[in-house]
Amino acid sequence: MRLSILMGAVSQGLLWSILAIGVYITYKILDYADLTTEGSYPLGAAVAAQMILSGYNPFVATFVSMIAGMAAGFVTGFLNTKLKIPSLLSGILSMTGLYSVNLRIMGKANLPLLKQDTVISVLSDRGIETSTAVLIVGIISVLVVIAILWWFFGTEKGFAIRATGDNSAMIRALGVNTNSMVILGLVISNGLIALSGGIMAQYNGYADVGMGTGTIVIGLASVIIGEVLFGHSSILRSLFAVVLGSILYRIIIAFVLSKGLVPTDLKLLSSVLLAVCLSLPLIKEKLYNFVEKIHGNKQKEGEVNA
Amino acid sequence: MLKLQNVRKVFGKGTANEKVALDKVSFTMNPGDFITVIGGNGAGKSTTLNAIAGLFFIDDGYIEIDGNDVTKLPEHKRAKYIGRVFQDPRMGTATNMSIEENLAMALRRGKKRGLHKGITREEKSKFREYLEMLDLGLENRMSTKTGLLSGGQRQAITLLMATMTKPQLLLLDEHTAALDPKTAKKVLELTEKIIAEDKLTALMVTHNMRDAIKLGNRLIMMHKGNVLIDVCEEDKKYLQVADLLKMFEKASGGQNVDNDRMLLN
């Protein structure tokens, strides 16, 4: 693999990791499988692209894309906690509705950002190479997100959100309105996911209404790869593990593409990869039992022979 | 301190599984009362505790804690009055969070949670003292996740969490039933000690008649969603298991208690 491809994969992994961190918050901390992701990611892209095209500062546009994602998360949370719609279905409803919303925002299915100012071009216009600029944007935004989340999950409110996903009956008994915590978690998560979409639109040079498809699988794969390979003993460690998982995931993708796989096969690959990751604990156990069995049989044979 | 008036709760209303869990439950607790609650399976003991804690709203009746009408108050808003320990040791703590983090959350029971630090240095040293009091060696494992602890250790921590802010009312729902006899005895002794030292008002459900007689200053026996017997402080001093059985037979209209789990203990 050429170095430039590797560097591209690392930058992309960093930008995607903001989405993966959002997925980590719902899936791992809140214990909530949130499909809003597939709608809030293109929502962020749509808002950022449309605002930049309307002449707004790209940083303002990026910030507003995050706010839009937070609103989407709030809707899902409201459907789930106040209207008592099951969590999976709440996400599906938001995701489906957002498809129309995104088209409304964009006005058409694809919105190119040709020769527009972006958070990346602001740097590259100052003489920094584009690939380096992407890396800088990625590193800074990831570090800021991690710093804020690390602080937040160490606060009283952060504790309450973590406990809500862990044992909601217990934290309710301690006086926490768990419905509010679920909503808050979804708001933060989808804000980050839309932020990722907003930056990614500027990196790719377009927003597309179909760009959300499969994002939940990409996010989950990053979370699981990160957790399995880099541990999850604390919140800070988990957050960095998710980022590393996301980067590793992009490197795997870049690798198979360089070996001749066509981009349209990537979604299947993502699914297979995630399925393998999710079944790792079971595979590990079966393997362990298998080894034990062989070992046990050998011992028995030994006894007979003696 | 606590007042229940004609509390009624029917589960599965209008379905084939309709069950009157609480029929007309009334009793009053005075400050410092330690009431033990016994009764067979389905008598309504746990349901009574859950109704007080606000896990569901009652169909009819009135609940008052410390002079406040809480009948319509949701669970998380009643939490400021109530400390709870559950039967299942897994229920009482957030298992992916450390001992000290769990204690810190319990310290903020019923208070507004903002963006202040979830746990402070002073709190940690305070928790160390509390844990030393438990005498289980947990003071040196404060950053251990509670999921890694034994059931008895977790129940002891849950008890500490429920009582360290001295709640107006302590609800114990068979909190030693899932423990082995030796651990159960230790947790029960700890319960007795904490209630006595902090002069707490407590309601304890148990399946063990001897414990019910030995502990507390009052005893309530429930049957089919009603309070069948309410033994006052004077009478409880001389109460024997045999007396209790006789009272049950008489009050329930000659029903036999042979099949009831409460006799097994």
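Here is a chat about the pockets, cavities, helices and odd residues of this predicted model.

Q: Before we dig in, what kind of model is this?
A: This one is a predicted model.

Q: OK, chain A then. How many helices and strands does it have?
A: Chain A has 12 helices and 2 strands. Along the sequence they run α-α-α-α-β-α-α-α-α-α-β-α-α-α.

Q: And how does its radius of gyration sit against the globule rule?
A: The radius of gyration of chain A is 21 Å, and the globule rule gives 19 Å for 306 residues. Those values are close, so chain A is as compact as a globular protein of that length.

Q: What are the spans along its principal axes?
A: The C-alpha trace of chain A covers about 85 × 55 × 35 Å.

Q: How much of chain A counts as buried?
A: 50% of its 306 residues.

Q: Switching to pockets. How much space is in the largest one?
A: About 1000 Å³. It is lined by 35 residues, and the closest to its centre are Phe153(A), Arg162(A), Ser234(A), Ile235(A) and Glu101(B).

Q: Which elements give two or more residues to that lining?
A: From chain A, they are helix H1 (3-29), helix H6 (130-152), helix H7 (156-166) and helix H11 (235-258). From chain B, they are helix H3 (99-107) and helix H4 (121-134).

Q: Which of them gives the most?
A: That's H7(A), with 4 residues.

Q: What's the lining like by class?
A: The pocket lining has 13 polar residues, 11 nonpolar and 11 charged.

Q: What about closed spaces, how many cavities of 30 Å³ or more turn up?
A: The search of the whole structure finds 3. The largest cavity holds about 90 Å³ of space.

Q: Which residues line the largest cavity?
A: From chain A you have Met170(A), Ala173(A) and Leu174(A). Chain B brings Ile82(B), Gly83(B), Arg84(B), Phe86(B), Gly92(B), Thr158(B), Met161(B) and Ala162(B). The elements giving two or more residues are helix H8 (168-173) of chain A, plus strand S6 (82-85) and helix H5 (151-163) of chain B.

Q: And how does that lining divide by class?
A: There are 7 nonpolar residues, 3 polar and 1 charged.

Q: Let's do helices. How far does H3 of chain A reach?
A: Helix H3(A), residues 58-81, has 24 residues and reaches 35 Å from its first C-alpha to its last. That is close to the 34 Å expected at 1.5 Å a residue.

Q: Which residue caps its N-terminal end?
A: Asn57(A) does. One of its side-chain oxygens lies 2.6 Å from the backbone nitrogen of Phe59(A).

Q: Is H10(A) largely enclosed or open to the outside?
A: Largely enclosed by the rest of the structure, because 13 of its 16 residues are buried. H10(A) covers residues 215-230 and reaches 22 Å end to end by C-alpha, close to the 22 Å expected.

Q: What comes just after H10(A)?
A: Gly231(A), which takes a positive phi of about 85°.

Q: Which residue in the loop between H3 and H4 of chain A has caught your eye?
A: Lys84(A), which sits in that loop, ahead of helix H4 (87-106). It has a positive phi of about 60° although it is not a glycine.

Q: Is Lys84(A) buried or exposed?
A: Exposed, at a relative accessible area of 60%.

Q: Now chain B. Where is Asn6(B)?
A: Asn6(B) is in strand S1 (residues 2-11) of chain B. Its phi is positive too, near 45°, and it is a residue other than glycine. With 40% relative accessibility, Asn6(B) counts as partly exposed.

Q: Where does Asn30(B) lie?
A: In the loop between strand S2 (19-29) and strand S3 (34-39) of chain B. Asn30(B) is partly exposed, with a relative accessible area of 45%.

Q: How far apart are Asn30(B) and Glu18(B)?
A: They are 12 residues apart in sequence and 34 Å apart in space, C-alpha to C-alpha.

Q: Last one, where is Ala177(B)?
A: In the loop between strand S7 (169-173) and helix H6 (181-198) of chain B. Ala177(B) counts as partly exposed, at 40% relative accessibility. Its C-alpha is separated by 24 Å from that of Asp243(B), 66 residues apart along the chain.

Technical notes:
Residues are numbered from 1 along each chain as its sequence is written. Chains are lettered from A and ligands numbered from 1 in the order in which they are written. This is a predicted model: local features need pLDDT of at least 70, side-chain atom pairs count only at pLDDT 80 or more; totals for chains, interfaces and linings use all residues. Side-chain values use heavy atoms; hydrogens and water are left out. On a 1 Å grid over the protein atoms alone, a cavity is a set of points where a 1.4 Å probe fits but cannot get out, and a pocket is an open set with protein on both sides within 12 Å along at least five of seven lines; lining residues have an atom within 4 Å of a point. Grid points are joined across faces, edges and corners, and a volume is the space filled by probe spheres set on the points. Ala, Val, Leu, Ile, Met, Phe, Trp, Tyr, Cys and Pro count as nonpolar, Asp, Glu, Lys and Arg as charged, and the others, Gly among them, as polar. The expected span of a helix is 1.5 Å times one less than its number of residues. A polar contact is a pair of N or O atoms within 3.5 Å; within protein, one must be able to donate a hydrogen and the other to accept it, and residues adjacent in sequence count only if both atoms are side-chain atoms. The radius of gyration is taken over C-alpha atoms; the globule rule is 2.2 Å times the number of residues to the power 0.38. Buried means under 20% relative accessible area, exposed over 50%, partly exposed in between (1.4 Å probe, protein chains only).
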